[in-house]
Amino acid sequence: MIEIKGLTKRYGNRKVLNGLDLSVPAGTFLSIFGPNGAGKTTLLKILATLARPNSGTVTVDGWDLAKDGAEIRSVIGVVSHSPFVYGELTVEENLRFFGRLFGLGPAGLEARVRELLDSLGLAHRARDRSEILSRGMRQRLAIARALVHRPRVLLLDEPHVGLDPKASAVLDRTLRSFKDGGGTVVMITHDLAKGLEMADRLAFLFRGRMAREVEAARTDAAGLRQMYDSLAAGDNA
Ligand SMILES: Nc1ncnc2c1ncn2[C@@H]1O[C@H](COP(=O)(O)OP(=O)(O)OP(=O)(O)O)[C@@H](O)[C@H]1O
Ligand SMILES: [Mg+2]
């Protein structure tokens, strides 16, 4: 469960998040849409404890972002623009490193690393240094790394970008089974169809605020497009 109240973030004079409120119940898959520069990645970085807000409150599974950063990092998995892996380590070394960092014991760790390498189609690249991977392969590794410690909340910033159709389908399957296991997902995407297909709830972030939220079951592709266009028409950022 994620609870955000009055979240504000300034970079210099620019107010990037402007009193944003958002509540994501446990087990929900939320897709967030919004124009370039609206503040989506900034929101995700704050949730991931990678950036500090100027004001507002955030709790994740009851932990307070302002004082329980370590606990929050242990319950979330993040797939962002940067893969957060060590280039000089191999694929499997990275997964072991992050697994250990989040407290997986040696026995469980090796099995978990193998499982992720297999499910994300990385087994044949396990011993390659991460820095030589292709973009899509690096994205697969970023997804594996985000999952290695069995988080309860996944934060995803345009996670399908760079993936080939097969890897994209693998990611969808992975996310569905994560959600079936009770996980909470927040996914930022510019792909309205993909966001609609995957989510239970849809939210539109315009100019630093949630401009609208809707249940996915209450709309379809055309309706969603219309909502987006009408919000964008009123947006002169
Ligand atoms: N470190 C930073 N320093 C200064 N300004 C920043 C910084 N990070 C982001 N911004 C500004 O904050 C605003 C929101 O950026 P953000 O990356 O959150 O947008 P976004 O909604 O993710 O956009 P996109 O769809 O292009 O990814 C932009 O105007 C951006 O220039
Ligand atoms: Mg972004």
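# Close-ups around helix α3 and beyond

**View 1. Helices α3 and α4 sit oblique to each other.** On the angle scale used here, under 35 degrees is roughly parallel, over 145 roughly antiparallel, 65 to 115 roughly perpendicular, and the rest oblique. The axes of α3 (residues 91-101) and α4 (residues 106-119) come within 10 Å and cross at roughly 130°. Each axis is a line fitted to C-alpha atoms, for helices over the stretch in contact, and angles run from 0 to 180 degrees between N-to-C directions. Helices (H or I, at least four residues) and strands (E, at least two) are DSSP runs, numbered from the N terminus. The crossing of α3 past α4 is right-handed, that is, the near helix is turned clockwise from the far one by less than a right angle (anticlockwise would be left-handed). On the α3 side, V91, E92, L95, R96, G99 and R100 make the contact, and on the α4 side it's L109, E110, V113, R114 and L117. Contact means heavy atoms within 4.5 Å. Sorted by class, that gives five nonpolar, one polar and five charged residues. Here Ala, Val, Leu, Ile, Met, Phe, Trp, Tyr, Cys and Pro count as nonpolar, Asp, Glu, Lys and Arg as charged, and the others, Gly among them, as polar.

A quick note on what you're looking at: this is a predicted model, where local features need pLDDT of at least 70 and side-chain atom pairs count only at pLDDT 80 or more, while totals for chains, interfaces and linings use all residues. Residues are numbered from 1 along each chain as its sequence is written, chains are lettered from A and ligands numbered from 1 in the order in which they are written, and side-chain values use heavy atoms, leaving out hydrogens and water.

**View 2. α3 also packs against α5, this time roughly parallel.** The angle is about 25°, with the two axes 9 Å apart. As for handedness, α3 passes α5 in a right-handed crossing. Look for V91, N94, L95 and F98 of α3 meeting L141, A144 and R145 of α5. Those contact residues divide into five nonpolar, one polar and one charged.

**View 3. Here are the buried residues of α3 and what covers them.** V91, E92, N94, L95, R96, F98 and G99 of α3 are buried. Buried means under 20% relative accessible area, exposed over 50%, and partly exposed in between (1.4 Å probe, protein chains only). The cover over these residues includes α4 and α5. Just past the end of α3, G103 takes a positive phi of about 90°.

**View 4. Y86, F97 and F98 form aromatic pairs at α3.** The structure holds six aromatic pairs. Rings of Phe, Tyr and Trp (its six-membered ring) pair if their centres lie within 6.5 Å; planes under 30 degrees apart are stacked, over 60 edge-to-face, and the rest tilted. Y86 and F97 pair edge-to-face, at 5.4 Å centre to centre and 85° between the planes. Y86 belongs to the loop between β6 (76-79) and α3, and F97 to helix α3, so the pair ties together parts that are 11 residues apart in sequence. Y86 is partly exposed at 39% relative accessible area, and F97 is partly exposed too, at 30%. F97 pairs edge-to-face with F98 as well: 5.1 Å between centres, 90° between planes. F98 counts as buried, with 8% relative accessibility.

**View 5. Ring pairs link F33, F204, F206 and Y228 into a cluster.** Not far along the chain is R207, in the loop between β9 (201-206) and β10 (209-215). R207 isn't a glycine, yet its phi is positive, near 45°. At 45% relative accessibility, R207 counts as partly exposed. For another example, go to R150, with a positive phi of about 50° although it is not a glycine. You'll find R150 in the loop between α5 (135-147) and β7 (153-157).

**View 6. G27 comes together with residues from far along the chain.** G27 sits in the loop between β2 (14-24) and β3 (29-33). Its C-alpha is 8.2 Å from that of G181, and the two are 154 residues apart along the chain. Leaving aside residues up to four places away in sequence, G27 touches K179, G182, G183, T184 and D200.

**View 7. Helix α1 (residues 40-47) is largely enclosed by the rest of the structure, because six of its eight residues are buried.** The buried ones are K40, T42, L43, L44, I46 and L47. Just after α1, T49 takes a positive phi of about 65°.
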